[in-house]
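These are my notebook entries on the structure shown below. I set down each item in the order in which I looked it up.

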Amino acid sequence: MNNRSPIVLTGIAASPGFAAGPLCRLDAVTASYTPKATSTEEIEALNGAIAMASAAVASLIERSSGESADILEFQLAMLSDDTLAEPALAAIGQGADAASAWARVLDAEIAGYEASGDDYFRARSADLGDIRDRVLRALVGTDMLATLPGAILAGEDLAPTRFLETDWSAGGGIALAAGSSASHVAMLARSRGVPMVVGLGDALSTLSGEVLLDAQAGVLTALAAGGDIARHRAAAAAFAAVRSSAAAYLSKPALTADGTPVLAYVNVADPSDVDAIDITTCDGVGLMRTEFLFSRGLPDEETQYRAYRKVLEWAAGKPVTIRTVDAGGDKPVPGFTVAEGNPFLGLRGIRLSLSRPDIFRVQIRALLRAAVHGSLKVMFPMIAVESEYARAKAMFAEEALALSTLGTVHRIPPLGIMVEVPSVAIAPQAFSDVAFFSIGSNDLTQYVMAAARDNASVARLNDTAHPAVLRLIGEVAAFGAAHGIPVSLCGDAGGDPALIPHLLKAGLRELSASPAQLAAAKAAVAGVTL
Amino acid sequence: MSATAAASVLITHAVGLHARPSVKFTKLAKTFAARVEMALDANGPWIDAKSIVKVMATKAPKGTTIHLRAEGQAAEEAVGALVALVERDFDEGDHAKSA
């Protein structure tokens with residue numbers, strides 16, 4: 001096209017796939033607002049933007065259920081209340097422009113919620129932030145850009161609500177300067193098959209125009225030359241071909257080439273994920289994460305109960321393994337997690353839950369009540385020593401007793417543990433009374449290899465196929481088989497066609513993959529001869 | 001026509017008058033033509049019970065007594081309906097009762 005050389009940024013692939021399209025910058029929204037000539041026009045612009053935002057939320061409500069729908073109902077009620085915009089309209093009367101008046105008023109509201117001593121009210125500041133940004137986007141018209149087919153959303157990070165409200169049916173992708181492959185939005189991207197790359201660095205904010213996103217290699221290319229574009233298209237076509245040939249395996253049970261059955265579960269990151277999954281294509285849910293519930297601060301018991309019940313009812317009797325909240329590490333929750341110098345080795349997972357029994361008991365009660373609606377199993381993340389499991393198990397018994405006293409229907413589900421801390425993988429003998437093991441290959445790999453999974457510079461060390469990791473997986477599988485304890489694997493490796501042969505040869509017969517990877521995982525199983 | 005009514009009620013819902021309860025509360029208040037107001041103190045300040053922005057801004061947690069007053073058409077019914085909603089834990093407290 002011209003003689004400018006391409007700009008190539010390298011990050012970490014967070015959800016595989018390919019996309020090519022215009023870069024849609026999500027940040028610097030207020031800066032791009034062009035003030036109108038008169039205050040009357042500013043008022044019209046603000047009222048119009050609020051109406052657009054309300055219409056967008058209303059249409060989202062129709063596509064949502066459970067907690068997401070409740071949050072959106074709340075946002076719509078706030079947007080529909082004239083009281084909200086009154087101070088902004090007054091400021092416009094004093095000469096302010098619509099964007100800065102709106103931002104100032106909402107920032108003051110947000111500060112009020114953040115100052116609340118009550119965790120539940122403090123968490124609503126995220127909704128006010130959503131409301132502020134939604135109207136600002138309508139004011140500057142960036143929502144129009146985002147709806148271009150194949151647009152690639154770019155920014156520092158991406159709010160899960162922004163992901164959920166984007167129409168991905170026309171393609172597109174996500175490119176983030178920061179972000180994490182373990183974030184809630186990365187889980188959503190993997191489960192919906194939206195290509196996503198994180199950790200591209202600050203240079204991302206200097207790019208614009210048409211870009212190529214290779215979310216297998218973790219590379220974003222701007223100012224691409226003809227050859228780059230042709231190679232990108234070929235790789236994207238090859239990726240799509242593999243996906244569609246794998247699709248034939250989706251409706252069949254997973255069987256190796258020599259006829260050994262393998263249980264194929266799905267990972268669920270958000271209850272709304274299951275709306276797009278046919279339960280007959282899987283053997284149940286191998287991992288339902290609960291961090292999504294905490295993405296807006298601390299959820300109440302009813303909100304959690306509804307989310308768990310929805311997935312259990314969808315599963316129609318097939319097992320659903322729910323993991324208690326795995327906050328901390330790279331998944332901070334305001335009002336719950338603590339800032340630490342080395343968060344992956346700090347107060348996260350079960351350690352954090354046990355340190356905040358007030359919060360953990362709310363989740364336990366919701367799980368106990370939901371258990372009667374299907375075949376629930378519950379597992380604890382980041383268990384390192386047996387006493388953590390014993391303590392958590394005792395809390396289930398205590399809460400069950402309290403519910404019995406109230407006459408509330410409940411059931412104690414089978415309780416298992418994640419195998420992700422090397423101490424458990426090396427010496428599983430301490431855990432011979434757990435109901436099941438689930439190997440968290442992402443964390444097990446990063447702890448065995450001492451390579452953080454959110455650090456691009458050590459990404460090549462973060463290899464689940466390393467003999468040290470595979471040996472531990474094999475030993476846990478053998479221990480489980482010898483003691484009658486089921487062993488499954490629910491990390492990203494469970495959906496990775498290159499790793500599946502290794503996992504089956506290590507002795508695993510239960511794998512859990514994200515919904516978008518389920519077909520490819522079954523196809524990979526079919527190619528293995530044991 | 002210009003009837004008035006007043007009552008107070010204790011919030012027993014686990015997380016108080018937060019997002020979902022506030023949506024229900026203000027939606028119900030808006031079904032009445034009467035002016036309906038709410039306060040955390042019997043001496044005020046009184047806020048519009050039909051405005052979710054104002055109701056949420058009171059940040060009333062569990063254990064708060066809220067005061068309600070209404071003036072106008074069906075004022076008595078408006079206050080009665082809102083008190084009943086709060087007493088029913090905003091129709092969310094099924095686990096607190098025998099099943």
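**Entry 1. A:Ala400**

I began by asking whether A:Ala400 is buried or exposed. I found 18 other C-beta atoms within 10 Å of A:Ala400. Burial would take 20 or more such atoms and exposure 12 or fewer, so I entered A:Ala400 as partly exposed. I note here that the model is predicted.

I placed A:Ala400 in helix α14 of chain A, which spans residues 386–406. Setting aside residues up to four places away in sequence, I listed A:Leu368, A:His410 and A:Ile412 as residues that A:Ala400 touches. I also looked up the pair A:Ala400 and A:Arg411, which are 11 residues apart in sequence. Their C-alpha atoms are 7.4 Å apart in space.

**Entry 2. A:Gly495**

I turned to A:Gly495 and located it in a loop of chain A, between β16 (487–489) and α18 (500–505). With 28 other C-beta atoms within 10 Å, A:Gly495 is buried; the cut-off for that class is 20 or more.

Which residues does A:Gly495 contact, leaving aside its neighbours within four places in sequence? I recorded A:Ala513, A:Ser514, A:Gln517, A:Ala520 and A:Ala521. For one of these, A:Gln517, I also looked up the C-alpha separation from A:Gly495, which is 5.4 Å across 22 residues along the chain.

**Entry 3. The eight-stranded sheet of chain A**

I traced an open sheet of 8 strands in chain A and wrote its order as β1-β8-β7-β3-β4-β5-β6-β2, with mixed pairing. Which strands stand at the edges? They are β1 (7–10) and β2 (12–15) of chain A, and each has a single partner strand, so one side of each lacks a neighbour in the sheet. From one strand to the next I noted an average twist of 30°.

Within this order β4 stands beside β5, and I examined that pair. Strand β4(A), residues 152–155, and strand β5(A), residues 173–176, pair in the parallel sense over 4 bridges. As an example of the register, I noted that A:Ile152 has A:Gly173 of β5(A) as its bridge partner.

**Entry 4. Helix α11 of chain A**

I checked the span of α11(A), which has 15 residues. From its first C-alpha to its last I recorded 21 Å, close to the 21 Å expected at 1.5 Å a residue.

I then listed the buried residues of α11(A), among them A:Glu302, A:Arg309, A:Tyr305, A:Tyr308, A:Val311 and A:Leu312. The residue that follows α11(A) is A:Ala316, and its phi is positive, near 50°.

**Entry 5. Where chain A meets chain B**

I counted 22 residues of chain A in contact with 20 residues of chain B. On the side of chain A that touches chain B, at least two residues each come from α2 (66–80), α3 (82–93), α5 (119–123) and α11 (301–315). Which element gives the most to this side? It is α2(A), with 5 residues. By residue class, I divided this side of chain A into 9 charged, 8 nonpolar and 5 polar residues.

**Entry 6. Chain B as a whole**

I listed 3 helices and 4 strands in chain B. Read from the N terminus, the elements run β-α-β-β-α-β-α. Chain B has 99 residues, of which 39% are buried. Taking contacts in chain B between residues at least 6 apart in sequence, I found that 74% join residues at least 24 apart.

**Entry 7. The sheet of chain B**

The 4 strands form an open antiparallel sheet in the order β1-β4-β2-β3. The edge strands are β1 and β3 (47–48) of chain B; each has a single partner strand, which means that one side of each is without a neighbour in the sheet.

I followed the pairs along this order:

- Strands β1(B), residues 4–10, and β4(B), residues 65–71, are antiparallel over 7 bridges; B:Val9 is bridged to B:Ile66.
- Strand β2(B), residues 35–39, runs antiparallel to β4(B) and is joined to it by 5 bridges; B:Arg35 has B:Glu71 as its bridge partner.
- Strands β2(B) and β3(B) are antiparallel and joined by 2 bridges; B:Met38 is bridged to B:Ile47.

Finally, I looked up helix α3(B), residues 75–87, which packs on this sheet and touches β1, β2 and β4 of chain B. The direction of α3(B) makes about 5° with that of β1(B).

Notes: Residues numbered from 1 in each chain as written. Chains lettered and ligands numbered in written order. Predicted model: local features only at pLDDT ≥ 70, side-chain atom pairs only at ≥ 80, totals over all residues. Contact = placed C-beta atoms within 7 Å. Nonpolar A, V, L, I, M, F, W, Y, C, P; charged D, E, K, R; others polar. Pairing = 2+ DSSP bridges. Axes fitted to C-alpha atoms, helices over the stretch in contact; angles between N-to-C directions. Expected span 1.5 Å × (residues − 1).
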